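Please walk through this structure with me, one part at a time, and explain how its pieces are placed against one another.

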Amino acid sequence: MKYEFSARAHTLLSSPLLSIRKQTRRGTLISLAEELPAEELFPLPLLSEAASTVISADAGALQYGDPEGYGPLREWLTGDWLGGKGVNVGEGGVLLTTGSQQAIDLLARVYIDPGDRVLVENPTSPGILQALRMQGAVIIPVQGDKDGLLPDHLRSGIRQHRPKMLFATPSFTNPSGVLWSLARRKEILELCTSHNVLIIEDDSYGDLHFQRYDEHPSLRYPSLYALENVSEGGHVLYIGSFSKTVAPALRTGWAAGSRELIGMMTAAKQMADWQSSSLNQRLLHHLLSVSAFDLREHITLLNREYNTRLKLMAELLKRPAWKSSVYDMPVGGMFLWVSLPEGLDAMALLRASLAKGVAFLPGPLCSVSGGSDRIRLNFSHPGRDELLLGMNLMSEAVSEFTARS
């Protein structure tokens, strides 16, 4: 039969990232395109021990659980982890989700009607753009600089479009890696609260900080959620994930905010999948609170290695093929956001690079519009040898384009 999909469903198939992921899973190319942590740094022995203990201790680990998520893990999250970041969550104010992407999707389902205006950082995460387009939102880009979103541009966007919400990643914006200054955080929060605009704050990359964080934790800027410090009726939904710091396959993310907002998202989650995996959540709770695993020490290990890979990628971008390319060196996150040499088109370069066996994310997938002169490069997943080979292959593709021009 001829299937008649909804008009918005076709947005799901329009991204070349689907093809990149399929090829990567088959092991046919080196991917600098995805948001993946380093597999060789996963805490495999402790994860194995946790899985064995959890399954053998209680058959309830394999049973249905609460839609809000495994209670002890929610308590650990709101107490030990978020409390350490100055985040105070009220009772009923946290929901465990299947990664941070589901938190975004659930919020979009319950809060966005077709035609609603939504502000986003530009550039921003491809996943956010897909979720908003699927709901029929009108996406309005907001420009920023090295300190974060520009208050004047945000103010203009609010007055002109009367948006329902703002999506933002103040700590190491995907893909640009920008870390908002404290002053800019306060300005943006004040603007949104005064105009009754809900802020969706994604902190999935916030722990991947490369400069002096171990010696001076106070240098970490507070989240917008912590700055507002309102458990009920607040203007910030704070989301994050253990995918970037422990292991993506555990598929455990979270959303923290007003009980009313979390309650509506929980109702939507029951329709979507009833609950995220109880087994995974119990395993993660055992790892974090019972085993010898120390998440803070593990993050220190990640940051040390990722900083090394970032510096290696930056050195490789000094080669002649990349002459005239421009980027700002991030102090955290997973990506370099590179402006291509003049005359190069991101989509055309992607086709040439794929033919050589390496992938990256083209700028248009991270932008509301434009971005054809930009690419996103992931430095956290490929090992050092793979990163070197991948950048060499990309350099060959760039050199061929430059020679033709």
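**A guided look at the model**

Among the elements that cover the buried residues of helix 5 are helix 4 (99-111), strand 3 (117-121), strand 4, strand 7 (165-168), strand 13 (361-362) and strand 14. The model in which this arrangement appears is a predicted one. Helix 5 itself spans residues 126-134, and the residues of this helix that are buried include Pro126, Gly127, Ile128, Leu129, Ala131 and Leu132. At the start of helix 5, the backbone nitrogen of glycine 127 has a side-chain oxygen of serine 125 within 3.2 Å. After helix 5 comes glycine 136, and the phi angle of this glycine is positive, near 80 degrees.

Strands 3, 4 and 7, named above as part of that cover, also belong to an open sheet of seven strands, which follow one another in the order 2-10-9-8-7-3-4 with mixed pairing. Strand 2 (94-97) and strand 4 (138-142) each have a single partner strand and stand at the edges, so one side of each is left without a neighbour in the sheet. From one strand to the next, the twist averages 20 degrees.

The pairings within this sheet can be taken in turn. Strand 2 and strand 10 are joined by four bridges in the antiparallel sense, and in this pairing valine 94 stands opposite alanine 256 of strand 10. Strand 10 is also paired with strand 9, again in the antiparallel sense and over four bridges, and here tyrosine 238 is the residue that stands opposite alanine 256. Within strand 10, Gly253 and Ala255 point one way while Trp254 and Ala256 point the other way, and all of them are buried. Strand 8 (residues 198-202) and strand 9 (residues 236-241), by contrast, run parallel and are joined by four bridges, with aspartate 202 placed opposite isoleucine 239 in strand 9.

Helices lie against this sheet as well. Helix 3 (residues 71-81) lies across strand 2 and strand 10 (253-256), and runs at about 120 degrees to strand 2. Helix 9 (residues 259-272) packs on the sheet too, where helix 9 touches strand 2, strand 8, strand 9 and strand 10, and the direction of this helix makes about 30 degrees with that of strand 2.

The aromatic rings offer another route through the model. A pair of aromatic rings is described by the distance of the centres and the angle of the planes. The count of such pairs comes to seven. In one of them, the rings of tryptophan 76 and tryptophan 81 have centres 5.9 Å apart and planes at 10 degrees, so this pair is stacked. Both tryptophan 76 and tryptophan 81 are buried. In another, the rings of tryptophan 76 and phenylalanine 242 have centres 6.3 Å apart and planes at 45 degrees, so this pair is tilted. This second pair links distant parts of the chain, since tryptophan 76 belongs to helix 3 whereas phenylalanine 242 lies in the loop between strand 9 and strand 10, 166 residues apart. Phenylalanine 242 is buried, as is tryptophan 76, and through these ring pairs Trp76, Trp81 and Phe242 are linked into a cluster.

The loop between strand 9 and strand 10 also holds serine 243, which counts as buried at 6% relative accessibility. Apart from residues up to four places away in sequence, serine 243 touches Pro37, Pro248, Arg251 and Thr252, and the side chain of serine 243 is joined to that of arginine 251 by a polar contact of 3.2 Å.

The last stop is strand 14 (residues 374-378), which contains asparagine 378. Asparagine 378 is buried, with a relative accessible area of 0%. Leaving aside residues up to four places away in sequence, asparagine 378 touches Leu32, Glu34, Leu36, Met313, Met334 and Phe335. A polar atom of the side chain of asparagine 378 lies 3.3 Å from the backbone oxygen of glutamate 34. Phenylalanine 335, one of the residues that asparagine 378 touches, also has the charged end of arginine 376 over its ring, 4.0 Å from the ring centre. Elsewhere, the charged end of lysine 164 sits over the ring of tyrosine 111, 5.3 Å from the centre of that ring.

Conventions
Residues numbered from 1 in each chain as written. Predicted model: local features only at pLDDT ≥ 70, side-chain atom pairs only at ≥ 80, totals over all residues. Heavy atoms only, no water. Helix = DSSP H or I, 4+ residues; strand = E, 2+ residues; numbered from the N terminus. Buried < 20%, exposed > 50% of the residue type's maximum accessible area, 1.4 Å probe, protein only. Polar contact = N/O pair within 3.5 Å; in protein donor to acceptor, adjacent residues only side chain to side chain. Contact = heavy atoms within 4.5 Å. Pairing = 2+ DSSP bridges. Axes fitted to C-alpha atoms, helices over the stretch in contact; angles between N-to-C directions. Phe/Tyr/Trp six-rings, centres within 6.5 Å; stacked < 30°, edge-to-face > 60°. Lys NZ or Arg CZ within 6 Å of the ring centre and 35° of its normal.
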